[in-house]
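Biologist: I'd like a close look at one spot in this model, please, and then a walk outward from there to whatever else is worth a look. Keep it informal, and tell me which residue you are talking about at each step.

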Amino acid sequence: MDRKIEKKKGLKLTHVLTSLGSLVFLVLVWMLVYGRSASTYRVNRENLSIAKVISGDFDDYINISGQVKPISTYYLHAYEGGRIVEKYLEEGAMVEKGDTIMKLENRVLHMEILNVEADFVSKQNDLRQTKFNFESDLVISQTTKIEAQYLLRKAKRNYEQEQYMFDRNLISREDYIEAKENYELAQKKMEVSRIKSKQDSLAKLITVKELDADLARMKRTLDMVYERLDNLNVKAPVDGQLAMLEGELGQQIASGSAIAQIYDLSGHKIESWIDEHYIDRVNAFLKGRITKNDSIYKLQIRKIFPEVKEGKFRVDMHFTENKPALMRNGQSYYINLELGDPQKALLLPKGAFFQSSGGQWAYVLDPSEEYAYKRSIKIGKQNPKYYEVLEGLEVGEKVIISGYEAFGDNEKLVLQ
């Protein structure tokens, strides 16, 4: 009869392969779940700020603050030193061109004026005496010239008569020669008198001309000294508002020292300080705008100051069209300064993560939004609202934009 053959008990190849496959599967699952636990950090979703990457126009602008300043400021200095004896206006007063602000006293200057006046009077007297002497000499010279002319005519007439007589043998040759010599002598005297009269006239004219020039110079000097005296009355050079008035009654003011400032209130400008990070991108004629009470007021950079102080540089901006009503010096405004034209770009809302990563990486949520992984990215320009994303992110991806300080060096975040 047939006998039933029993299967041998023990491990077979199929059993081994099945066991090995199950083991490998379990190892893979363990590595997937627990293999990176050393670089995993669990965070509360409610404590995070999460933003979506979008595509749109990147407005290249920065937000800066500025203060209202007068369109121009005139710095008033003392042309002459002196003691303050009168103050007619106080700081903050409105002034018109030519208004006297204060009066100084300078006794040394008064003495200088007296000395110059004395010299001027002395020069006037010298000129007057010289002119009188010139006129006297001119009379004498004219008299001498007339006498010489008279003697010449007389000698000529006598010579002609003697010649007539000599030609007819009515006089001796000696008488004729004497008459001729007298006539020639009279001619020479007349020529000498003419030359001397001409030379004397030229010399006197030169002397008078020089004295006139000296007198004119002294007159100009005297006028300048009188102008210095008038400068003791400190006057406003322009219309405006008096500011920063220095000095009190009885105080000595040195020549050239600052006395006051006068604000030209015919217009206003905005003075702003910009972070030196933007120094290469800021140039004259960049435009800005102020928003106040739902109205927009346009500005334009007119002047850039090269000096950097405490990491910032100064610019002056002028209104290009209308300006806010009731502006006051020192009033503050926030300005959107346009650094370039809008451009299409990937945009990521600004957040505190930039301070931790420097814009070189960020935590990006996976599609399930249960995990976030560290990913390298590249940030370009930024404005007060957005970063320009150059690399590493796609439209629609979500990024943790709050601060990363608590996450350490973990590569993965588990959102709970």
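Modeller: Let's start with tyrosine 41, which has a relative accessible area of 31% and is therefore partly exposed, given that the partly exposed class runs between the 20% limit for buried and the 50% limit for exposed. Keep in mind that this is a predicted model.

Now for the ring of that tyrosine. The structure holds 13 aromatic pairs. In one of them, tyrosine 41 partners phenylalanine 407: the ring centres are 6.0 Å apart, the planes make an angle of 45°, and the pair is classed as tilted. The two partners come from distant parts of the chain, 366 residues apart. Tyrosine 41 belongs to strand 1 (residues 40–43), while phenylalanine 407 sits in the loop between strand 21 (398–400) and strand 22 (412–415). Why does phenylalanine 407 count as buried? Because its relative accessibility is 4%, and the limit for buried is under 20%. So the pair joins a partly exposed tyrosine 41 to a buried phenylalanine 407.

Step back a little and you'll see that these rings have company. Tyr41 and Phe407 belong to one aromatic cluster, together with Phe353, Phe354, Trp361, Tyr363, Tyr387 and Tyr404. Pick out Trp361 in that group, and look at what lies over its face: lysine 374, at 4.3 Å from the ring centre of tryptophan 361.

Stay in this stretch of sequence for a moment. Strand 17 (361–365) and strand 18 (371–376) are joined by a loop that contains glutamate 369. Phi of glutamate 369 is positive, near 60°, though the residue is not a glycine. At 27% relative accessibility, glutamate 369 is partly exposed.

Further along comes lysine 385, in the loop between strand 19 (378–382) and strand 20 (386–391). Lysine 385 has a relative accessible area of 55% and so counts as exposed, as the limit for that class is over 50%. Its C-alpha atom is 5.9 Å from that of proline 349, although 36 residues separate the two along the chain.

Proline 349 is a handy way back to the strand pair before it. Strand 15 (332–338) and strand 16 (343–349) have a loop between them, and glycine 340 is in that loop. The C-alpha atoms of glycine 340 and aspartate 59 are 7.7 Å apart, with these positions 281 residues apart along the chain. As for exposure, glycine 340 comes out partly exposed, at 31% relative accessibility.

There is another lysine or arginine over a ring to look at, and it takes us to the largest pocket. Arginine 314 lies over the face of phenylalanine 305, at 4.0 Å from the ring centre. Arg314 is also among the residues nearest the centre of the largest pocket, along with Thr73, Tyr75, Lys269 and Glu271. That pocket holds about 280 Å³ of space and has a lining of 15 residues. Six of the lining residues are charged, five polar and four nonpolar. Strand 4 (61–77), strand 11 (258–275), strand 13 (295–309) and strand 14 (312–319) each give the lining at least two residues. The largest share, five residues, is from strand 4.

Just ahead of strand 13, look at asparagine 293, in the loop that follows strand 12 (287–292). Asparagine 293 has a positive phi of about 55° despite not being a glycine. Asparagine 293 is exposed, at 66% relative accessible area.

Last, the helical part. UniProt, in an unreviewed entry, lists a "domain: LcnD-like barrel-sandwich hybrid" at residues 83–263. In the model that span is 66% helix and 15% strand, with 25 Å between its end C-alpha atoms. The unreviewed UniProt entry also gives a "coiled-coil region" at residues 208–235. Those residues are 82% helix and 11% strand, and their end C-alpha atoms lie 40 Å apart. Helix 2 (residues 107–167) includes lysine 156, a partly exposed residue at 38% relative accessibility. The C-alpha atom of lysine 156 lies 5.4 Å from that of tyrosine 183, which is 27 residues away along the chain.

Key. Residues are numbered from 1 along each chain as its sequence is written. This is a predicted model: local features need pLDDT of at least 70, side-chain atom pairs count only at pLDDT 80 or more; totals for chains, interfaces and linings use all residues. Side-chain values use heavy atoms; hydrogens and water are left out. On a 1 Å grid over the protein atoms alone, a cavity is a set of points where a 1.4 Å probe fits but cannot get out, and a pocket is an open set with protein on both sides within 12 Å along at least five of seven lines; lining residues have an atom within 4 Å of a point. Grid points are joined across faces, edges and corners, and a volume is the space filled by probe spheres set on the points. Helices (H or I, at least four residues) and strands (E, at least two) are DSSP runs, numbered from the N terminus. Ala, Val, Leu, Ile, Met, Phe, Trp, Tyr, Cys and Pro count as nonpolar, Asp, Glu, Lys and Arg as charged, and the others, Gly among them, as polar. Rings of Phe, Tyr and Trp (its six-membered ring) pair if their centres lie within 6.5 Å; planes under 30 degrees apart count as stacked, over 60 as edge-to-face and the rest as tilted. Buried means under 20% relative accessible area, exposed over 50%, partly exposed in between (1.4 Å probe, protein chains only). A charge sits over a ring if NZ of Lys or CZ of Arg is within 6 Å of the ring centre and within 35 degrees of the ring normal. UniProt positions are given in the numbering used here, feature names are shortened, and annotations may be inferred rather than shown by experiment.
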